[in-house]
Amino acid sequence: MARRALAAFRANGEAYNTARALTDLAEILLAAEEPAAALPLTDAAIRILSEENADQHVEYLRRLRERCSGPRE
């Protein structure tokens, strides 16, 4: 369902909702222990929401991205 929503939002040019759908997909992938697949989705959502000035959501995405990347060495 999240992938269909993402496709619809992209088709309609809805940047904010596209980023929210990307976030949902990233969370699903992270929960399924697929952090490498979630990482590019978080990066795409960060780019979009930074342009939308959605600072609170960008902060959340940065924390989500850290979970995707794993511990830093």
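Arg65 is a handy place to start: with a relative accessibility of 29%, this residue counts as partly exposed. The structure discussed here is a predicted model, and Arg65 takes part in one of its salt bridges, pairing up with Asp43. The closest N and O atoms of that pair sit 2.5 Å apart. The two partners come from separate helices, Arg65 from H4 (residues 55-69) and Asp43 from H3 (residues 35-51), so the bridge ties together parts that are 22 residues apart in sequence.

How many salt bridges turn up when the whole structure is searched? The search comes back with two. Besides the Arg65 pair, there is a salt bridge between Glu59 and Arg62, where the closest N and O atoms are 3.4 Å apart. Here both residues belong to helix H4 and are three residues apart, which is about one turn of the helix. Glu59 has a relative accessibility of 40%, and since partly exposed covers the range between under 20% (buried) and over 50% (exposed), Glu59 falls into that middle class. Arg62, at 41%, counts as partly exposed too.

Next come the loops. Which residue has a phi near 60° in the loop between H2 and H3? That residue is Glu33, and its phi is positive even though Glu33 is something other than glycine. Helix H2 spans 15-31, and Glu33 sits in the loop that runs between H2 and H3. As for its surroundings, Glu33 is exposed, its relative accessible area being 69%.

A similar story can be told for the loop between H3 and H4, which is where Asn53 lies. Asn53 is not a glycine, yet its phi is positive, at about 60°. Is Asn53 buried or exposed? With a relative accessible area of 60%, Asn53 lies over the 50% cut-off and therefore counts as exposed.

Last up is the loop between helix H1 (2-11) and H2, the place of Glu14. The side chain of Glu14 is joined to that of Asn17 by a polar contact of 2.7 Å. Glu14 itself is partly exposed, at 29% relative accessibility.

Put together, the picture for helix H4 is of one salt bridge reaching from Arg65 over to Asp43 in H3 and another, Glu59 with Arg62, kept within the helix. In the loops, Glu33 and Asn53 bring the positive phi values, while Glu14 brings a side-chain contact with Asn17.

Technical notes:
Residues are numbered from 1 along each chain as its sequence is written. This is a predicted model: local features need pLDDT of at least 70, side-chain atom pairs count only at pLDDT 80 or more; totals for chains, interfaces and linings use all residues. Side-chain values use heavy atoms; hydrogens and water are left out. A salt bridge is a side-chain nitrogen of Lys or Arg within 4 Å of a carboxyl oxygen of Asp or Glu. Helices (H or I, at least four residues) and strands (E, at least two) are DSSP runs, numbered from the N terminus. Buried means under 20% relative accessible area, exposed over 50%, partly exposed in between (1.4 Å probe, protein chains only). A polar contact is a pair of N or O atoms within 3.5 Å; within protein, one must be able to donate a hydrogen and the other to accept it, and residues adjacent in sequence count only if both atoms are side-chain atoms.
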